[in-house]
Amino acid sequence: MLTFKAWDKQNKEWYDDHSSKLVIHLDGKITKCWNNELMTDVTDRIELALYSNKTDHFDNEIMDHSIVKYDDKFYLIKFDGTEFYAHAYENTWQDNPYDFFGESDYYACEVVGHAFENPELLDKIEDYERR
């Protein structure tokens with residue numbers, strides 16, 4: 001089962017509206033649903049972060065766009081459609097600038113924030129360029 005957390009770009013907070021549900025359609029559209037009837041398109045307002053089903057050593061969940069610290073270095077966790085990577089943005093001249101984390105590496109790292117919630121932490125990642 002895939003589990004997501006939703007970031008409300010308009011209110012700059014994690015979506016936490018218990019009176020409604022978000023529905024993700026196969027075409028990528030995201031709608032807000034009340035009482036299984038009324039639906040409002042919120043695709044432009046919501047950014048989804050996929051959970052990796054991994055945790056750090058403090059039991060914090062690691063998800064797409066998490067910022068983690070490992071061996072005094074900061075990484076941005078990214079999902080490429082098939083698996084999660086720890087992206088250090090170093091050596092971008094290489095074909096693959098990703099660092100591959102094994103299961104023990106994820107457990108050894110520390111989640112320090114999330115790119116949606118704490119964009120200022122992206123500056124701690126070496127050679128990170130805001131795109």
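# Reading a predicted model by its definitions

Author: Glu110 is part of strand β12, which covers residues 110–114. The model is predicted, so local features need pLDDT of at least 70 and side-chain atom pairs count only at pLDDT 80 or more, whereas totals for chains, interfaces and linings use all residues. Residues are numbered from 1 along each chain as its sequence is written, and side-chain values use heavy atoms, with hydrogens and water left out.

Reader: What makes a stretch such as β12 a strand, and how many strands does the protein chain have?

Author: Strands are DSSP runs of E with at least two residues, helices are runs of H or I with at least four, and both are numbered from the N terminus. On that basis the protein chain has one helix and twelve strands, in the order β-β-β-β-β-β-β-β-β-β-β-α-β.

Reader: Why is Glu110 called partly exposed?

Author: Buried means under 20% relative accessible area and exposed means over 50%, with partly exposed in between (1.4 Å probe, protein chains only). Glu110 has a relative accessible area of 31%, and is therefore partly exposed.

Reader: Which residues does Glu110 touch?

Author: Contact requires heavy atoms within 4.5 Å. Leaving aside residues up to four places away in sequence, Glu110 touches Asp56, His57, Phe58, Ile67, Val68 and Lys69.

Reader: How do you know that Asp8 and Arg45 form a salt bridge?

Author: A salt bridge needs a side-chain nitrogen of Lys or Arg within 4 Å of a carboxyl oxygen of Asp or Glu. For Asp8 and Arg45 the closest N and O atoms are 2.9 Å apart, and the pair is counted as a salt bridge. Asp8 lies in strand β1 and Arg45 in the loop between β5 (38–41) and β6 (46–55), so parts that are 37 residues apart in sequence are tied together. With a relative accessibility of 5%, Asp8 is buried, whereas Arg45, at 27%, is partly exposed.

Reader: What makes Glu47 and Lys9 a salt bridge?

Author: Their closest N and O atoms are 3.8 Å apart, and the pair is likewise counted as a salt bridge. Glu47 is in strand β6 and Lys9 in the loop between β1 and β2 (13–14), so this pair links parts of the chain that are 38 residues apart. Glu47 is partly exposed at 29% relative accessibility, and Lys9 is partly exposed at 35%. By this rule there are two salt bridges.

Reader: Why does buried Asp64 have no salt bridge?

Author: Lys and Arg count as positive and Asp and Glu as negative, while His and the chain ends are not counted. For Asp64 the nearest side chain of opposite charge, Lys78, is 5.0 Å away, therefore outside the salt-bridge limit.

Reader: What does the side chain of Asp64 reach instead, and at what distance?

Author: The side chain of Asp64 reaches the backbone nitrogen of Phe79 at 3.0 Å. Asp64 itself is found in the loop between β7 (61–63) and β8 (66–70).

Reader: Why is Phe4 called partly exposed, and which residues form a nonpolar patch with Phe4?

Author: Phe4, in strand β1 (residues 4–8), has 37% relative accessibility and so counts as partly exposed. Patches take residues with over 30% relative accessible area and no salt bridge, joining like charges within 9 Å and nonpolar side chains (Val, Leu, Ile, Met, Phe, Trp, Tyr) within 5 Å. Leu2, Phe4 and Ile24 form such a nonpolar patch on the surface, with about 300 Å² of accessible area together.

How values were computed
Polar contact = N/O pair within 3.5 Å; in protein donor to acceptor, adjacent residues only side chain to side chain. Areas by Shrake-Rupley, 256 points an atom, 1.4 Å probe, with all protein chains shown as cover.
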